[in-house]
Each structure stands twice: as structure tokens, then as C-alpha cells.
Amino acid sequence: MRRHHPNISRIVIHAALFALLAVWMIPEVYMLSIGLRTPDQAFDATLMAWPLTLDNFATVIRDNAIVSFFLNSLIVTLATVAIVVACSTLFAFACAVLHLRWSLVLYATLLTTLMVPLASLVLPLAILLKTFGWVNTYAGVIFPYAALGAPFAVVVLKAFMEDSPKELFEAARVDGCNAWQTYWHVALPLIRPALVFVGIWQFIVTWNEFFLALIILTRNEVKTLTIVPMQYSGLYMANPGALFAVLTLIALPLILLYVVVQRAFVRGLLAGAVKG
Amino acid sequence: MPTLASQGETIRLQPATRRSRRFAGPWTYLFLAPAVLLFVVFIAYPIVWVACQSFFSEDRDHTASFVGLETYWAVLGDPVFWIVVRNMVLWGLITIPVQMLIGGTVAYFIERHTNAWRGFFRTMFFLPVVTSVSVISLVWVQIYAPYYGIGQEYLRHFGIIMASSPIGDPSTAIYALILVNIWQWTGFSMLMYVAGIANLPTEVLDAARVDGARGLRLAWSIIIPMLMPVTKSLLLLGIIGTLQTFPVVQLMTGGGPNHASEVFGTYVFRTSFVLGDTGKGATISVIVLVLALILSLVQIVYLGADLAPSGHKEESR
């Protein structure tokens, strides 16, 4: 699709992109670098300090129950993703394939969620969850997250289903499939790229959610990874090496996950864009 | 199964109508139920509750009395509220265009001028988006710190010497936070533009090239206009994102010093959960909500609704 560019301009563009990337990555590198420092160098105002040591990581892993926070994050996030995927595929299917009466009105209503800032919902949600007895429970964040996340998923999946070949659904009906069978055997496999995209995006958003988690999850047994850095910043005030080792460990799981799934994520985004 | 069978029969009798595409049975409405249930319980009900609550005031003995718009006037008369409004306007006006500009430019060069490194660049520029925001906040506090912060050290090379951390100074705090936000979210704009550029119809670009449009000319007069759907959705997401702002501010300044960097998130949080003033908290929540709805509606009326990740079927054809 592209004519050959003069080599010089290619090199210049690559150099410029690498230079910008180097600047962009300073905070990430800085975080890792402080975590790898000896106590003497911890306060040096340099990007890198040598020699590197893994002592901080060893200390931090030995002294703290990071794994339990990690598991809390994992439970909350996986449950949210599962609920969002289930609810939004069912809803999108009802709108795009079943053409149920009133479904478009409900769709439009659901979409208003996208315009609701969380800041205006935290107070009523906190009080609602209190009456449910869901404060300091996984359910207390899982269901609100799912409710907030489902509309975006519905938008993407509905557009994707509407652009799928109608004949497939028609054929399924003629062959005697009922709505559920059509959903399960025809629609779901058909929208897999969009589903992967929606699932990964919901995973990222949920894993990193801070506001509601801060209010609802106040006991250590249920806290997610995102809200624990604050307590470490107090704990390791005089020991930045240890603090930044913890921060690196907190940030790492999602970064690694993204690097692994980014290809599928971008593919879903591109496919969604073609179709939607 | 007799009902289903008989319904199948009637449908087959009128194959030409739209009904023929439908699957039978009222039970299919159950497909809508889970999402609607979530919406009603966790979105609609809280909104209605908070709207009602904003008209009441709770006394010391926990009896609520109707006060009408009184709390609204109190909030509008609160100088902090207007600092928040100013900060939110600044936040939106700076972050949204800057992110579009940097993200769009980077996306353009990645998509049109790289091959082997494309995946690498796409992933790396997106990393700040997936880095936990609370981690990011603490890293930037360290970067901004006087004496041992790396940011101050770099500024010194340019002859800029600051006595304190930029987040500790009321006149610079909000800008320092905006910078962090831009740094974190530019990768998102980049990826949206990447999707938009990758999906530009090749025929149009080829036709433009035949007509002699190249390089910047091509970008300016063909690519940018064709990416309008992406720009529009980024604008909509940017405005909602601005009103959502909370973690970075809460963790780096807590809205301070002296409310200088207060945003809606911290204002609601402080009023409702730190000061425990539910009535005022509810009122602020309603104001944020109404603002968000108005801004979204204005955009939808003027620019059209488009929330798909990129492109839109009518417009991209």
C-alpha cells in the first residue's frame, strides 16, 4: 500500500519515534530503577543508579502479603469481565438479531450510562451497598463495575452483530434453532474478535479502578492491588527503594498481561472498526 | 413445544414480512433482563436516589427535612465549587487537544512509516494506560519532588530552578496534574487513531496519491478529515473522562494545596466521605451528572453520536 520512501526519511522518523518513546518511558524506567537501588543511592536525582540490587524486591516480597491483594484483584476483575461479557452479549443479541420490541428504547436508555461520571454515583452507590450489606465484599464492587462496563460492551458488540451476515441467523432459524441455540452456536463464535477486545478492555479498566474500590474496600482482606500503594507510601516513607519495588510489583501483572494479549486486543479493535 | 411449533407455522405463512426474521416466544425477553437489571439497580436507582436526596437536608437527629433548592444555592455559593469548575475547564481544554495532537501524530508515523517496529511502538506508547494509576501517581510525586526528584534535576539543566514541588504550589498544582494525565492517556488516543488510520480505505489514499497529494499534504487534506469519527469519539470520551478525574488528584495532592487542584471527584469525595455531608454531596453529584448529560447532548446534537472504538459504518463508507 505504500511506495518506498527514501531511506533517510525512514531513519529520521524511526529515530524521532524512539526518542519520543525514550522520554515517554522515563517514569516507568524511573520506577523500576528506584526499586533496584541500594539504600545509599535511593535519593539520587538520576534516572539510573548503579549497581543494581534485587534486595528491595526480596524484602518487600518477604514482608508483605502482596499475593493476597493480587488474588483479590484477580477475583474481582475476572468476575466483572464474566458478568459484563454475559450480559452484554445477551443484550446485544436481543437488539441486533431478535429485534425485540422496545429493545432499541432500552438500548438508548442503557447508553446514558456512558455519560454518567463515576464521581456522581459513588455516594448513592456507597449507601446502596451499605443497605445490601455489601461493603467490604467482592460483590460490592463487582456488580457496580459490571453495570458501568456493560453499556460500552453492548455498543461494540451490537454494531459487530449487526454487520454480521444476516443469512447465518436466518439459516439457524430455518434449521430449527431456537433463540438460545442461535445465540450460543452462531452469534458467539461469530463475534469472537470483538468479544476478545471487549473482555481485555474491561479487564484493564476493572483492574485499575480506584474510586469505588477506595470507598467500598476498606479492609485488608478484600482490598485490590490498585488501592494498596497508598499504605505502602506511608510504610516505606524513608525507604524509597522498597516502596518502588512494591509499586513495580503492583504495576507488573497488568503490564505483562497487556504485552501478551496486545496483538489480540488490537486485532479486535481493528476488526471492530471495520465492522462497526 | 406445541406453542413454539404453532408460532413457527404462522411465521412460515408470512415469510415476506419483517416478522419472519424473528425468533418466537416471549421468553426471549429474558435476553434483555440481566443487563437491564444491572442498570436499574446500580445506575438508575442511585441516580434517582441522589436526585431526591439533594432536595433534603439531614439534621443532627437524622431526620431529613425538605429544603428544596437550598443546598444548590449553598453549593453554587461555595468558592471551592468555582475553583473546581475552573480546574475542570482547564483540564478538558488542555488534555483533550494535546492528547489528540500527540496521539494522532505518533499514530500517523507508526502506521504509515514503520513496519517491523509497528507492534512494538503501538504497545509501548500504550503501556502508561495499563499501568496502575495509583502507582503512576506515586512515581510522579517522586519525579516532581524537590532535591531528589528527577524532574527538577532535568529542569535545572534548562536553567529552571524550583523551590518546591510543582504540586505543592497552588499556582502550578493543577498543571502538574494535567501533565501526568496527558502522559498516562495519550497512548489511548494513539491507539484509537491507529485503528482509524489502519482502516482508511486504500482506494481513497491511492486516488489522492495519483492526484499528487503526498506527505503532509496527504495527512492534512485527506487523512485528518477522514479520521473525524475517531476525533469525535475521543472528544466525547475526553469530556466524560475529565469529569471522571479522581485518582491522580486524590493521590498526588488530595485536591490541595488549599483546594487549588480540587476536581469534581475529590470535591464529592471530601464532602460526602470525609466531611460526611450527604445532602451537599448529593447536590454536587447531581450537578456533575447534569453537566455531563448537557455536554454529551450538545455534542451528540452538533457532532452526531458515535461511540464505536473507531469509525462508523455510515461515515467510513
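**Exercise 1.** How many residues of domain 1 of chain B are in contact with domain 2 of chain B, and how many of domain 2?

*Solution.* This is a predicted model: local features need pLDDT of at least 70, side-chain atom pairs count only at pLDDT 80 or more, and totals for chains, interfaces and linings use all residues. Residues are numbered from 1 along each chain as its sequence is written, while chains are lettered from A and ligands numbered from 1 in the order in which they are written.

Step 1. Find the bounds: domain 1 spans 26-68 and domain 2 spans 80-316. Such bounds come from an automatic or database domain assignment.

Step 2. Apply the contact rule: C-beta atoms, placed from the backbone, lie within 7 Å.

Step 3. Read the result: 8 residues of domain 1 of chain B meet 7 residues of domain 2 of chain B. On the domain 1 side, H2(B) gives the largest share, 4 residues.

**Exercise 2.** Is B:Ser54 buried or exposed?

*Solution.* Step 1. Locate B:Ser54: the loop between H2 and strand S1 (56-58) of chain B. Helices (H or I, at least four residues) and strands (E, at least two) are DSSP runs, numbered from the N terminus.

Step 2. Take the cut-offs: buried needs 20 or more other C-beta atoms within 10 Å, exposed 12 or fewer, partly exposed lies in between, with C-beta atoms placed from the backbone.

Step 3. Decide: B:Ser54 is buried, because 24 other C-beta atoms lie within 10 Å.

**Exercise 3.** Which residues does B:Ser54 touch, not counting residues up to four places away in sequence?

*Solution.* They are B:Thr71, B:Ala282, B:Thr283 and B:Val286.

How values were computed: Contact = placed C-beta atoms within 7 Å.
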